[in-house]
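Q: I am new to this structure and would like a close look at the ligand site. Please go on from there to the side-chain pairs and single residues that stand out elsewhere.

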Amino acid sequence: MKISVIGVGYVGLATAAVLAELGNDVIAADIDKKKIEGLNSGIMPIFEPGLRELVARNIRENRLRFTHDNREVIRHGEIIFICVGTPPKENWETELKYVKNVAMEIAHHMDSYKVIVHKSTVPVETGDNVRKVIRDNIKKSVDFDVVSNPEFLREGSAIKDTLEPDRVVIGSDSQRAIDMMKKLYDPLKAPLIITDIRSAELIKHASNAFLATKISFINSVARICDMSGADVEKIAEGMGHDKRIGKEFLNAGIGYGGSCFPKDSQAFIKIAESYGYDYKLLKATNEINEEQKEYFVKKIKDALNNLNDKRIGVLGLSFKPNTDDMRFAPSIYIINELQKGGAKIKAYDPEAMEKAKQVFNSIEYCRDPYEAAKDADALIILTEWSEFRELDMEKIKKMMNHSLIIDGRNIYNPENMKKLGFHYISIGRKEVV
Ligand code: UGA
């Protein structure tokens, strides 16, 4: 099928590459000319495992092209995916001007029947608004349908999640559009949820809100574990075996970050508010998430007595592993607080240091984890990159000024740490001295 994708951020790029891989003829566009030039010469705007190879192969085999010509991209596709950014406004409402601009462009250039799909996370009723913008501005009298097809991919596994989704949600009131979407997604053999546009839009916000709540739930339990001497990992395991609860997303830590959960949960609260509903549960989820970062800083302060002039080695800066994304990373609040207290920060992250340089002032970036640990009064873990699990801890211990590790992601075994002679503090698990 002929497919157009407008906006090549995480969602747009993964969608374009995967749909091309499935054999479709895909053109993807972005207003950022540099990004488009980069993509055409093999430079990826984001770090995402498997993406570069997938894009290169599909360009080579003539199934994927990038352009900044809106007319070209809009005329090309039978199905047009809108994947532009939906950033938060100051008050956390969703900024929809980029979606509206694209709808206007589609209205201007469309010259045959199109299925217009919004894939970015948007407030309920956006589909109706997109339809209205197009209807009010359409230049030629051609038919079109609007579909909500939310994306559930995670950064760091964007390609896998797009190729093997848990489900595909298609929201539309047009059978013609639904049939075309079903045909497009048929090769994925994923469960299909066919519904109306508003329900599809809400499935996305509800899913992210639920996952964020699950994280704040287990982080609250971790606080009780710290006070009672119980072990949050065993509790998560014990809960997770119950199929109704499930094992995923019960890792206690320093709270969620990234471009989705913080933004989407706040936006969902605003959406509820616009209908007159006070979404207390989600407000608490966000508050607990903020508190969790403060709680971690307090653990560090308590362990070091005084932060002034203390050297703190930091392992991990990105909001989670396998991405260089620093947006709403818990590391931002935590490092800023430590610096406010007078601590000197030496940090290492396998992928995010370039992006981190735009975020932090005066931190020393290290070549590897050992350099971050050298002469440190404490080593703190902020992102659970797998390479941190494989470190030579005896070497680390010898290099540090004090053998103190404060682990915000629970990546080490407390008993092993004790045997190695570390003072090891983690989240919701007994401290071993
Ligand atoms: C999230 C959702 O998982 C995707 O389904 C969704 O499509 C995406 O948002 C989006 O709306 O676009 P993502 O933000 O890439 O994906 O990251 P997640 O893997 O969900 O992690 C989010 C945050 O939760 C991270 O900071 C992570 O460290 C934290 N987390 C996750 C925990 O603290 N504990 C857990 O058990 C799991």
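A: A residue is called buried under 20% relative accessible area, exposed over 50%, and partly exposed in between, using a 1.4 Å probe and protein chains only. This is a predicted model, in which local features need pLDDT of at least 70 and side-chain atom pairs 80 or more, while totals for chains, interfaces and linings use all residues. Residues are numbered from 1 along each chain as its sequence is written, and side-chain values use heavy atoms, without hydrogens or water.

The ligand site comes first. There are 19 residues around the ligand, and those that come nearest are Phe152, Leu153, Glu155, Lys204 and Asn208 (near means a heavy atom within 4 Å). By residue class, the shell around the ligand holds nine nonpolar, three polar and seven charged residues. Here Ala, Val, Leu, Ile, Met, Phe, Trp, Tyr, Cys and Pro count as nonpolar, Asp, Glu, Lys and Arg as charged, and the others as polar.

Three polar contacts (N or O pairs within 3.5 Å) can be followed one by one. In the first pair, a ligand oxygen atom lies 2.7 Å from an N or O atom in the side chain of Asn208. At Asn251 the partner belongs to the backbone: a polar backbone atom of this residue is 2.9 Å from an oxygen atom of the ligand. With Lys320 the contact returns to a side chain, where an N or O atom is 2.9 Å from a ligand oxygen atom. The ligand taken alone exposes 720 Å², and the protein buries 91% of that (Shrake-Rupley areas, 1.4 Å probe).

Next, consider which parts of the chain surround the ligand. Helix 9 (197-228) and helix 11 (261-274) are the elements that give two or more residues to the shell (helices are DSSP runs of at least four residues, strands of at least two). Helix 9 gives the most, with three residues. At the level of domains, the ligand lies between domain 1 (2-195) and domain 2 (211-425), because both of them give residues to the shell around the ligand. These domain bounds come from an automatic or database assignment.

Away from the ligand, the charged side chains form pairs. The count comes to 33 salt bridges, each a side-chain nitrogen of Lys or Arg within 4 Å of a carboxyl oxygen of Asp or Glu. One of them joins the side chains of Arg154 and Asp161, with 2.8 Å from N to O. Its two partners differ in exposure: Arg154 is partly exposed because its relative accessible area is 40%, whereas Asp161 counts as buried because its value is 11%.

Another salt bridge is made by Glu233 and Arg429, whose closest N and O atoms are 3.4 Å apart. This pair links distant parts of the chain, since Glu233 belongs to helix 10 (residues 232-240) and Arg429 to the segment after strand 14 (423-425), 196 residues apart. Glu233 has a relative accessible area of 37%, so it is partly exposed. Arg429, at 6%, is buried.

A third example is the salt bridge in which the side chains of Glu354 and Lys357 meet, at 3.1 Å from N to O. With 54% relative accessible area Glu354 is exposed, and Lys357, with 43%, is partly exposed. Salt bridges can also be connected to each other: Glu125, Asp128, Arg131, Asp173 and Arg198 are linked in a network of them.

Some single residues remain. Trp92 and Asn305 are both residues other than glycine with a positive phi, near 75° for Trp92 and near 65° for Asn305. Trp92 sits in the loop between strand 4 (79-82) and helix 5 (97-109), and at 25% relative accessibility it is partly exposed. Asn305 sits in the loop between helix 12 and strand 9 (311-315); its relative accessible area is 74%, so it is exposed.

Helix 12 itself (residues 280-304) contains Asn289. Asn289 is buried, because its relative accessible area is 2%. Its C-alpha atom is separated by 12 Å from that of Leu211, 78 residues apart along the chain.

Lys139 lies in the loop between helix 6 (126-137) and strand 6 (144-148). At 59% relative accessibility, Lys139 counts as exposed. From Lys139 to His109 the C-alpha distance is 7.5 Å, and the two are 30 residues apart in sequence.

Methods: A polar contact is a pair of N or O atoms within 3.5 Å; within protein, one must be able to donate a hydrogen and the other to accept it, and residues adjacent in sequence count only if both atoms are side-chain atoms.
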